[in-house]
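Here are my notes on this model. Please read them alongside the coordinates.

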Amino acid sequence: MNGDDQHAPAPPESLSISITAAHELTTARATLRDWLRASIPVGQADEILLASGEALANALEHGRTPVTLGLEWVDNTLHLTVRDSGSWRVSAPPSGRTRGLGIPIMTALTDSLTFETTNGTTVRLSRRFTT
């Protein structure tokens, strides 16, 4: 994430997507990509798309559907929430490191990453964009 190339978003708006099966992820990502690119430059939109894709893929793999994705602009900060109804499980670190990179990727591409594990799992990411 490079703070020098960030731009202020368009006026605040929100987006909500519900996913009930993995095959819906492609359509959800396309909708999200279009929504993001209407507000921020392509490179930054792609970074948020990657971070949100990691959260969505984890929710679909480890949680229970439906998975909901919510995005909202508050001032110049994009808040992204991914919720599922599954139970949080702590996994052992992968031996070959071919898996288990989602959290480091999300952390690198956002300013804040939190998890709530009550009543399912909620992942919250946020990133501030400046003028």
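1. Surface first. This is a predicted model. The accessible surface of the chain comes to about 7,300 Å². Carbon and sulfur atoms account for 51% of that surface.

2. Burial. The chain has 131 residues, and 35% of them are buried.

3. Secondary structure. I find three helices and five strands in the chain. Along the sequence they follow the pattern β-α-α-β-β-α-β-β. The pattern begins with a strand and ends with two strands. Helices 2 and 3 are therefore separated by two strands in sequence.

4. Contact range. Take the contacts between residues at least 6 apart in sequence: 63% of them join residues at least 24 apart.

5. The helix pair. How do helix 2 and helix 3 cross, and at what angle? Helix 2 covers residues 42–62 and helix 3 covers residues 102–109. Their axes come within 9 Å and cross at roughly 150°. Angles over 145 degrees count as roughly antiparallel, so helix 2 is roughly antiparallel to helix 3. The crossing of the two helices is left-handed.

6. Who makes the contact. Helix 2 contributes Glu-47, Ile-48, Leu-50, Ala-51, Glu-54, Ala-55 and Asn-58. Helix 3 contributes Gly-102, Ile-105, Met-106 and Leu-109.

7. Character of the contact. Which kinds of residue make up the contact of helix 2 with helix 3? Seven are nonpolar, two are polar and two are charged. The charged residues are Glu-47 and Glu-54, both of helix 2. The polar ones are Asn-58 of helix 2 and Gly-102 of helix 3.

Methods: Residues numbered from 1 in each chain as written. Predicted model: local features only at pLDDT ≥ 70, side-chain atom pairs only at ≥ 80, totals over all residues. Heavy atoms only, no water. Axes fitted to C-alpha atoms, helices over the stretch in contact; angles between N-to-C directions. Helix = DSSP H or I, 4+ residues; strand = E, 2+ residues; numbered from the N terminus. Parallel < 35°, antiparallel > 145°, perpendicular 65-115°, else oblique. Left-handed = near helix turned anticlockwise from the far one by under 90°. Contact = heavy atoms within 4.5 Å. Buried < 20%, exposed > 50% of the residue type's maximum accessible area, 1.4 Å probe, protein only. Areas by Shrake-Rupley, 256 points an atom, 1.4 Å probe, with all protein chains shown as cover.
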